[in-house]
Amino acid sequence: MPGKSPTILLTLICVAIAAPVAGDTPVELAKVEKVTIRAAEGWEDAQPEIVHFRDDFFMEAGDWNVSADQATLYGKLDDPETVILSGSPARIRVTAWFNDQLETISGEARRISWQREHKLIRLEGQAWLERGANRMSGGTIEYQIDSDRFQAGGAGGVRIQAWPDDNSGPQEAGSDNN
């Protein structure tokens, strides 16, 4: 519907203006010291440095973990360049330092691409992404951790819940915050 596009664009611009800029201090990810991988099946591809996994895949590497029905790792097993996940749903959780504060980024989608070196998460198909109290959902979401910027869209539109950084976000039941 043509009438909804300006509203979505305006909402995205407002959120982008209200969001803190992570560019002031570089976003830091922890050095990978240990990688744990679990799956029912795993096999090497005919091409070098590509490994596939199927059924109950889980991977944990210091500051991040992922889970999915299927996964493909590109690069070295102990430090993959790219991880492609698919499932119902596939999940990702990344912990990073933003302006001297440790924050968790979590997401779910039918397909997830995680490029750790580029600090880029792409979620496709019934996607949602959270950072702190802020949450976004849509058909596709691409989130650049370094710049704290995103692109989102899809046939069903985009839904965003954003809270200011002054701790006025969602409160526990019975809170006196008005």
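This passage describes the salt bridges, two buried strand residues and the largest nonpolar core of a predicted model.

In this predicted model, local features require a pLDDT of at least 70 and side-chain atom pairs count only at pLDDT 80 or more, whereas totals for chains, interfaces and linings use all residues. Residues are numbered from 1 along each chain as its sequence is written, and side-chain values use heavy atoms, with hydrogens and water left out.

The structure contains 11 salt bridges, a salt bridge being a side-chain nitrogen of Lys or Arg within 4 Å of a carboxyl oxygen of Asp or Glu. One of them joins the side chains of R38 and D56, with an N to O distance of 3.8 Å. Because R38 belongs to strand β1 (residues 36-38) and D56 to strand β3 (residues 50-61), this pair ties together parts that lie 18 residues apart in sequence; strands here are DSSP runs of E with at least two residues, numbered from the N terminus. With respect to solvent accessibility, residues are classed as buried under 20% relative accessible area, exposed over 50% and partly exposed in between, using a 1.4 Å probe and protein chains only. On this scale R38 is partly exposed at 44%, while D56, at 52%, counts as exposed.

A salt bridge is also formed by E41 and R54, whose closest N and O atoms are 3.2 Å apart. This pair likewise links distant parts of the chain, with E41 in strand β2 (residues 41-44) and R54 in strand β3, 13 residues apart. Both partners are partly exposed, E41 having a relative accessible area of 35% and R54 one of 32%.

Between E124 and R111, the closest N and O atoms of the salt bridge are separated by 3.0 Å. Here the connection runs from strand β7 (residues 120-131), which holds E124, to strand β6 (residues 101-115), which holds R111, the two residues being 13 positions apart. E124 is partly exposed at 23% relative accessibility, as is R111 at 35%. Through salt bridges that share partners, R111, R122, E124 and E142 are joined into one network.

Strand β6 also contains S113, which is buried, with a relative accessible area of 9%. When neighbours within four places in sequence are set aside, S113 is in contact (heavy atoms within 4.5 Å) with T82, V83, I84, L120, I121 and R122. P80, located in strand β5 (residues 79-98), is buried as well, at 6% relative accessible area. Its contacts, not counting residues up to four places away in sequence, are M59, W64, L73, Y74 and G75. The C-alpha atoms of P80 and W114 are 9.5 Å apart, although 34 residues separate the two along the chain.

The largest nonpolar core comprises 29 residues, of which L85 and I121 touch the most other members; such a core is a set of buried Ala, Val, Leu, Ile, Met, Phe, Trp, Tyr and Cys residues joined through side-chain atoms within 4.5 Å. Two or more residues are given to this core by each of β3, β4 (64-76), β5, β6, β7 and β8 (134-144), and the largest share, 7 residues, comes from β5. Beyond residues up to four places away in sequence, L85 touches F57, V66, S67, A68, Q70, A71, A90, R91, R110, R111 and I112. R111 is thus named both among the contacts of L85 and in the salt bridge with E124.

Note on methods
Helices (H or I, at least four residues) and strands (E, at least two) are DSSP runs, numbered from the N terminus.
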